[in-house]
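Please examine the sequence and the three-dimensional structure shown below before attempting the exercises. Each task is followed by a worked solution.

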Amino acid sequence: MASVTKSHVAAARRRRAEAIERVLAAVESMLEDGERFTELPVGRIAAESGIPRSTFYQYFPNKSQLLIHVAALASETFFSAPLSWFNDPESPSRGVVGVEQAIGTMLREYRSHWTVMRALDELSSYDPEIAEFWIGRINEYISMMGGIVDGWQKAGAIGSQVDPYGATTGLVWMVERTISQHVLRPTGDAAVSDEQLVTSLSRIIWLAYYDDQPRNRRDST
């Protein structure tokens with residue numbers, strides 16, 4: 001009996017995951033056609049996704065929850081890329097190049113889902129539920145990454161001058177906001193290229209954790 005129940009639960013989870021993926025594809029397609037998320041009727045989203053309206057509401061009680069689920073799926077690689085760099089014990093030996101790979105992936109992922117991210121950015125300014133989701137998601141990763149950096153410090157891999165959680169908090173928000181502004185609100189003639197942005201952000205991150213010049217200067221005095 002237990003195995004049958006588990007099988008039903010697993011099947012339900014698969015159906016939900018597949019439905020969310022279809023909704024993501026449908027929403028992104030409609031947004032890419034120039035429509036705004038707030039103006040998309042639920043019935044049309046359900047129809048474009050191939051999901052009955054009644055089933056749609058079982059998965060997404062309201063449009064805020066819809067955007068949260070879609071944004072969570074769209075941003076999965078955006079967050080997993082830097083976490084992979086933090087978790088990889090070989091990252092320090094690869095130098096700033098490893099950081100560039102992670103930041104480059106983040107930027108490409110943000111661009112590939114820019115319509116969803118634009119809706120998320122706009123609605124989070126006045127929808128508390130969406131703002132809480134996005135801030136909470138970022139803080140969750142800050143906590144994980146900060147813990148890893150704390151481990152580096154305890155192992156002597158980085159200097160004592162680094163504040164593991166303070167530095168990580170500032171860097172994560174810097175990257176998220178910079179990529180968001182770069183993709184959604186380019187600054188015309190003053191805009192930098194994707195390559196320039198990746199290089200600059202990566203160098204800042206690398207130096208924030210691994211620059212030992214302050215210790216070298218103290219040693220030389």
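The exercises proceed from the whole chain to single residues and their partners.

The model is predicted: local features need pLDDT of at least 70, side-chain atom pairs count only at pLDDT 80 or more, and totals for chains, interfaces and linings use all residues. Residues are numbered from 1 along each chain as its sequence is written, and side-chain values use heavy atoms, with hydrogens and water left out.

**Exercise 1. The chain as a whole**

Task: Determine how many helices and strands the chain has, and state what share of its residues is buried.

Solution.
1. Helices (H or I, at least four residues) and strands (E, at least two) are DSSP runs, numbered from the N terminus. The chain has 12 helices and zero strands.
2. Along the principal axes, the C-alpha atoms fill a box of roughly 75 × 60 × 30 Å.
3. A residue is buried under 20% relative accessible area, exposed over 50%, and partly exposed in between (1.4 Å probe, protein chains only). Of the 221 residues in the chain, 43% are buried.
4. A contact means heavy atoms within 4.5 Å. Among the contacts with a separation of 6 or more, 73% are accounted for by residues 24 or more positions apart.

**Exercise 2. The surroundings of Ser91**

Task: Decide whether Ser91 is buried or exposed, and identify what its side chain reaches at 2.7 Å.

Solution.
1. Locate the residue: Ser91 lies in helix H6, which covers residues 91-94.
2. Apply the accessibility criterion: the relative accessible area of Ser91 is 0%, so Ser91 is buried.
3. Examine the side chain of Ser91: the backbone oxygen of Trp85 is reached at 2.7 Å.
4. List the contacts: with neighbours within four places in sequence left aside, Ser91 is in contact with Trp85 and Trp206.

**Exercise 3. A salt bridge between Glu35 and Arg44**

Task: State how many salt bridges are counted, and describe how accessible Glu35 and Arg44 are.

Solution.
1. A salt bridge is a side-chain nitrogen of Lys or Arg within 4 Å of a carboxyl oxygen of Asp or Glu. By this rule there are eight salt bridges.
2. One of them joins the side chains of Glu35 and Arg44, at 2.7 Å from N to O.
3. Glu35 has a relative accessible area of 23% and is therefore partly exposed. Arg44, at 33%, is also partly exposed.

**Exercise 4. The salt bridges of Asp121**

Task: Find which parts of the chain are tied together by the pair Arg177 and Asp121, and by the pair Asp121 and Arg185.

Solution.
1. Arg177 and Asp121 form a salt bridge through their side chains (3.2 Å, N to O). Because Arg177 lies in helix H10 (residues 164-184) and Asp121 in helix H8 (residues 114-123), this pair ties together parts that are 56 residues apart in sequence.
2. The side chains of Asp121 and Arg185 also meet in a salt bridge, at 2.5 Å from N to O. Asp121 lies in helix H8 and Arg185 in the loop between H10 and helix H11 (194-210), so this pair ties together parts that are 64 residues apart in sequence.
3. Compare the accessibilities: Asp121 is buried at 14%, whereas Arg177 is partly exposed at 33% and Arg185 is partly exposed at 41%.
4. Combine the results: Asp121, Glu176, Arg177 and Arg185 are linked in a network of salt bridges.

How values were computed. Polar contact = N/O pair within 3.5 Å; in protein donor to acceptor, adjacent residues only side chain to side chain.
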